[in-house]
Amino acid sequence: MAATRSRWRRWRLPLVAAGAVVALAVVGLHGRLPDPREILRDMAGADFGWVAVAALLQALSLVAFAYQQRRILSAMGVRLGRRDAVGITLASTAISIALPAGAVASTGYTIREYERAGATRQLSTAAAVVSGLTAIGGLGLLYVTWAAAIVAQ
C-alpha cells in the first residue's frame, strides 16, 4: 500500500501537468484544425511511395542526430549508449513539436538527460550549444547549395 501511495505522489504532478497541457490544447485549437474528413481524403490521395520515403528519411535524420550527440558528448569525455542517445533524441523531438515553447522545454530536457548520463551542467549545455550550431551550419550549407543550384539554372 505504501509503494502505491509513493508511486502516486511521484506521478501526480506529471499527470496533472499532462492533463493541463491537453486541456489547453483542446481549448486553443478548437475550431482551428481541418475537418477529419478532409485529412482522410487528402491521405487517400497521397502517393504512399513518397510518404514511405519521407518517413524513412525522417528516421535516418533522427538516428544521425543521435549519433551526432553521442560524438559531441564522447569528445567531451561523456559516454552515452546508442539506445540512450536515440531515446533522448526522440523524446526531445516530441517535446519540441508538442509543447508551446517546445524548443526551450526540449533543450532543458536534453540537458537534464545528459547530466543523468554523467555530464556536468556545463558540458551538457556546451553539447546542446555545439549541436545547435552544427544544425544551423548544416541548414545554412543546404540553403546556400540550393540557392546556388537555382542561380546556376
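**Overall fold and the H4–H5 pair**

Buried residues account for just 15% of the 153 residues in the chain. The model behind that number is a predicted one. The overall dimensions come next: the chain has a radius of gyration of 20 Å, whereas a compact globule of 153 residues would come in near 15 Å. Along its principal axes, the C-alpha trace stretches over about 70 × 50 × 25 Å.

As for secondary structure, the chain has 6 helices and 0 strands. Read from the N terminus, the elements simply go α-α-α-α-α-α. Take the contacts between residues at least 6 apart in sequence, and 44% of them turn out to join residues at least 24 apart.

One helix pair can be looked at in more detail. Helix H4 covers residues 82-98 and helix H5 covers residues 102-116; the two pack at an angle of about 155°, and their axes lie 7 Å apart. Angles over 145 degrees count as roughly antiparallel, so H4 and H5 are roughly antiparallel to each other. Their crossing is right-handed.

On the H4 side, the contact is made by Ile88, Ala91, Ser92, Ile95 and Ser96. Facing them from H5 are Gly102, Ala103, Ala105, Ser106, Tyr109, Thr110, Glu113 and Tyr114. Sorted by character, the residues of this H4–H5 contact come out as 7 nonpolar, 5 polar and 1 charged. Glu113 of H5 is the charged one, since Glu counts as charged.

Terms used. Residues numbered from 1 in each chain as written. Predicted model: local features only at pLDDT ≥ 70, side-chain atom pairs only at ≥ 80, totals over all residues. Heavy atoms only, no water. Axes fitted to C-alpha atoms, helices over the stretch in contact; angles between N-to-C directions. Helix = DSSP H or I, 4+ residues; strand = E, 2+ residues; numbered from the N terminus. Parallel < 35°, antiparallel > 145°, perpendicular 65-115°, else oblique. Left-handed = near helix turned anticlockwise from the far one by under 90°. Contact = heavy atoms within 4.5 Å. Rg over C-alpha atoms; globule rule 2.2 N^0.38 Å. Buried < 20%, exposed > 50% of the residue type's maximum accessible area, 1.4 Å probe, protein only.
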